[in-house]
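Me: Please take me through one strand and its surroundings, with the reasoning spelled out for each reply.

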Amino acid sequence: MMGRQAITDPGGEIKISFGYHCNNSTDDSGEDSDGVDVRPGSKLRRNNSSFSCLSGAALSANATLANTNICNGLFGAEILPALDSPTSFRRIPSSPSFSKLDLLSSSFQSGLSNLSCSPSSPSELAEDNSSSLRSTSAPSRCESFLNATEVKVAGGAAGEDRVQAVCSEENDSLFCGIYDGFNGRDAADFLAGTLYETIRHYLGLLERELERECKVEVKDTLGNVNNGSYVNCVAKALPYLEMEKSCTSFKQRVLNGLEQALVQAENDFLHMVEQEMDNRPDLVSIGSCVLVVLLLGKNMYVLNAGDSRGVLATYAEGVGANSDGRLQAVQLTVSHTVDDESERIQLLKNHPEDPSPIVGGKVKGKLKVTRALGVGYLKKKSMNDALMGILRVRNLISPPYISVQPSLTVHEVSSSDHFVVLGSDGLFDFFNNDDVVKLVRSYIQRYPFGDPAKFLVEQLVMRAADCAGLSKEELMSVPAGRRRKYHDDVTVIVIILGMNKRTSKASTCL
């Protein structure tokens, strides 16, 4: 294993964070504004958005092997190691078409910033001059709900975790992905390089389906459409299209598109593994949990496979958002592990001929998660046979034992919703859902211009150090790899929701 430098600085702070603050097209005086004012005392001037800002942070615990020539050079060694930046998140400029290769190679262009760095405290923000945004993309050839003339992109790596965020204020959309890799980084790297593009493709197909249905509706209403009147007819049909986007069937079709994209990513990854496993048999054991949140207007779509978690902080029903009412923590995801009774029962049901699908509290004695991308040796006998000796799973009677089928949900953001916390399982090794909500709420009340995601990571470090009987500085001086015995890789994203139009500093000044 390749060693890593400890993540420290002279002040003992964790330097791993990115952030984005929504910008309104006009300022208070009605004049155009092409920047984001995040100075102390400034107000967020975008009350019609479903989210107002987000922040992300991560901490590496695992040392990772440098990637070799995986997948016939599609992801070459000259690209992927550059993504492994455990001391910072690289800010990736947008491109006309988020191709698999361009999205990865663009990580080299760290000088072009599309996101503002969020400090952990107001004093840090005053010293930071990187808050301006840069617009670089043109319309993509893949027309979809995620298509826009301007997007802001961030991504990075910490150990085997990968994270990405793509924001467009133009169409009020936000994509966030956390990929918690295990047994290696290749599956998480693959997701970071391809999943967003694949989702755009499937949502593009849905967009075209809706356009065809819209045209059929026009014909039924106005008769046959010729080329000369097509534009006018489509304009008259736009209310139908917007109504379709708000209905239950449309939401289900978006969820179906997300699932199809993940299944496509799984098929592509396992196909590439099959091509490379003779030279790299370790690839058959590499996998990744997947957590995706997609905000389209006021609808928040959530996909997860594995044990990463999404938690919504919302006020109790009937309690005003501006009152002192208690925030409730609502888990948006399902933890796909053998510890979950329903997952355990389903696993046993799927393998009636296998007397031991669960060994030692793990699937075939290997994994606690029951759903994940990759881990081909628990899905295909040929991949298990690529391993030798004790690495091979004995009695692989009825594969697949691990599923990539995700849990899916959609939540309509309301005025009662405050924020969402997304985290890899490393965060929840130390905090439960209520802990996370309380910590974030107390922090943004005290530091409305700070970085709640980075704060959560710092709190985790202190909790892990206390559990180990160490000081924070002592724990952070332990090299990655050996520090895994104290905590896992941790990735956190906090999204402050904006539908409620609150006037508190916590919601309007972040």
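**A strand and its neighbours**

S173, F175, G177, Y179 and G181 point one way from β5, while L174, C176, I178, D180 and F182 point the other way, and all are buried (under 20% relative accessible area with a 1.4 Å probe, protein chains only; exposed is over 50%, partly exposed in between). This is a predicted model, in which local features need pLDDT of at least 70, side-chain atom pairs count only at pLDDT 80 or more, and totals for chains, interfaces and linings use all residues. Residues are numbered from 1 along each chain as its sequence is written, and side-chain values use heavy atoms, with hydrogens and water left out.

Me: How many residues of strand β5 are buried?
Reply: Strand β5 covers residues 173-182 (strands are DSSP runs of E of at least two residues, helices runs of H or I of at least four, numbered from the N terminus). It is largely enclosed by the rest of the structure, because the buried residues number 10 of the 10.

Me: Which residue is the bridge partner of S168 in β5?
Reply: Strand β4 (residues 161-168) runs antiparallel to β5 and is joined to it by 8 bridges (two strands pair if DSSP finds at least two). The two form a hairpin with 4 residues between them, and D172 in the turn has a positive phi of about 55°. The partner of S168 in β5 is S173.

Me: Which residue in β6 stands opposite F182?
Reply: Strand β6 (residues 287-296) pairs with β5 in the antiparallel sense, over 10 bridges. Opposite F182 in β6 stands G287.
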